[in-house]
There are 2 protein chains.
Amino acid sequence: MSIPRVYGMSSSGNCYKVRLLMEQLQLEYEWIELDVRTGVTRQPEFLSKNPNGRVPTLEYEPGRYLVESDAILVYLAEGSGFWPQHRLERAQALQWMFFEQYSHEPYIAVARFICAMLPAQHARRGELPRLHERGYQALAVMEQHLAHGRFFVGDAYSIADIALYAYTHAAGDGGFDLQRFPAVRAWIARVESQPRFVQMPPA
Amino acid sequence: MSIPRVYGMSSSGNCYKVRLLMEQLQLEYEWIELDVRTGVTRQPEFLSKNPNGRVPTLEYEPGRYLVESDAILVYLAEGSGFWPQHRLERAQALQWMFFEQYSHEPYIAVARFICAMLPAQHARRGELPRLHERGYQALAVMEQHLAHGRFFVGDAYSIADIALYAYTHAAGDGGFDLQRFPAVRAWIARVESQPRFVQMPPA
């Protein structure tokens, strides 16, 4: 078995998800750091690995690639305690991962990118009111769910928690106030107390 | 066993995915038609089923709900020929389903909504140039992949094809020209020739 390679930007929440799970599974891996702001993921060499030009990209065998952060999480987690054993709970984990990519990341991660990674007076700041409105809707859905449970699926930490933790805990970087969401904050603390937890580097 | 209920809008691609799979699996189901444009999915009665206020919503047992179209597809398809048997192929199916929800649906489905479901001079038509740019990028990624395969995963029709077919075949409704994508068009014809295929109603 060759050691898998992860092409990623360490400060990206989508890339951090993969690193956190690999650390918690105690997998060996090689991390290839790419700064997407340089355009490197739009160059032909990278597009030959992922035609959609995004990180993280997992090279699970030399020359064979898997992309989309949450699909990589499922691939790595199958057979471990991070992926539920029961059919309904697997579907619930996927439900929260699709929620994350459709209703959460496009607002909470993008607000963080604009606030923390672009120059202070960048024109994209005009997008922030809409991003905050939609991002707060996502946080409210999470708050309601977590009022009745310690984790997102069943009563166990899973890759659904990893997927949602990545950008939620850093929502303040994008101007969100998490003080309004006590159940979300308590869940963040529970995630951070898991064995072999590693922090995400700052933006 | 009670008969599952699907709350959905028939002309929505996300809802159609669930109907198509249920027909192909020959499952019994009850369809509850909702027109999201009336605001019904933002009313308290519906939010008690899905706090995120979206369709499709599957009531798999009375009072128990599963949401997110692609998570519902996995739940229904597990154990059938529509869900791959091998770990890597399951991850590849999920990769394409996350691609669909993140890099495809927000452009191709939204352009269709604006062109086919809003009044002709609606202000949101100003979004179309960006939606077309991003949607064409997604179609180009699909074209490249389908140049080397009959379906998205392995050589078999799966829920990855159902997820991507829903809005791709109707991309013309949003002003996309599929003539540029011969491999995509050939794949559309292969999907439509599958046993128990049913068409999506017009927008």
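Reader: How many bridges join E3(B) to E4(B), and do they run parallel or antiparallel?
Author: Four bridges join strand E3 (residues 57-61) of chain B to E4(B). The two strands run antiparallel. Note that this is a predicted model.

Reader: Which residue is the bridge partner of Glu59(B) in E4(B)?
Author: Tyr65(B) is the partner of Glu59(B).

Reader: And what stands opposite Arg64(B)?
Author: Glu61(B) does. Arg64(B) belongs to E4(B).

Reader: How many residues lie between the strands in that hairpin?
Author: Two residues lie between E3(B) and E4(B). In this hairpin Gly63(B) takes a positive phi near 80°.

Reader: What about E1(B) and E3(B), parallel or antiparallel?
Author: Antiparallel. Strand E1 (residues 5-8) of chain B pairs with E3(B) over three bridges. There, Tyr7(B) has Thr57(B) of E3(B) as its bridge partner.

Reader: Zoom out. What is the strand order in the chain B sheet, and is the sheet open or closed?
Author: The order is E2-E1-E3-E4. These four strands of chain B form an open sheet with mixed pairing.

Reader: Which are the edge strands?
Author: Strand E2 (30-33) and strand E4 (64-67) of chain B. Each pairs on one side only. From one strand to the next, the twist averages 25°.

Reader: Switching to the two chains. What turn lays chain A on chain B?
Author: A turn of 180°, with a shift of 0.0 Å along the axis. The RMSD is 0.0 Å. This is how a two-fold axis relates copies.

Reader: Which C-alpha of chain A is nearest the axis?
Author: The C-alpha of Tyr102(A). Its distance from the axis is 3.1 Å.

Reader: How many residues does each chain give to the contact?
Author: Chain A gives 22 residues and chain B gives 22 residues.

Reader: On the chain A side, which elements give two or more residues?
Author: Strand E4 (64-67), helix H3 (69-77), helix H4 (87-117) and helix H5 (128-146) of chain A.

Reader: Which of them has the largest share?
Author: H4(A), with 10 residues on the side that touches chain B.

Reader: How does that side split by class?
Author: The side of chain A that touches chain B has 12 nonpolar residues, six polar and four charged.

Reader: Last one. Why say the copies meet through the same surface?
Author: Because 100% of the interface residues of chain A are also interface residues in chain B.

How values were computed: Residues are numbered from 1 along each chain as its sequence is written. Chains are lettered from A and ligands numbered from 1 in the order in which they are written. This is a predicted model: local features need pLDDT of at least 70, side-chain atom pairs count only at pLDDT 80 or more; totals for chains, interfaces and linings use all residues. Copies are superposed by least squares on the C-alpha atoms of residues with pLDDT of at least 70 in both. Two residues are in contact if their C-beta atoms, placed from the backbone, lie within 7 Å. Ala, Val, Leu, Ile, Met, Phe, Trp, Tyr, Cys and Pro count as nonpolar, Asp, Glu, Lys and Arg as charged, and the others, Gly among them, as polar. Two strands pair if DSSP finds at least two bridges between them. Axes are lines fitted to C-alpha atoms, for helices over the stretch in contact, and angles run from 0 to 180 degrees between N-to-C directions.
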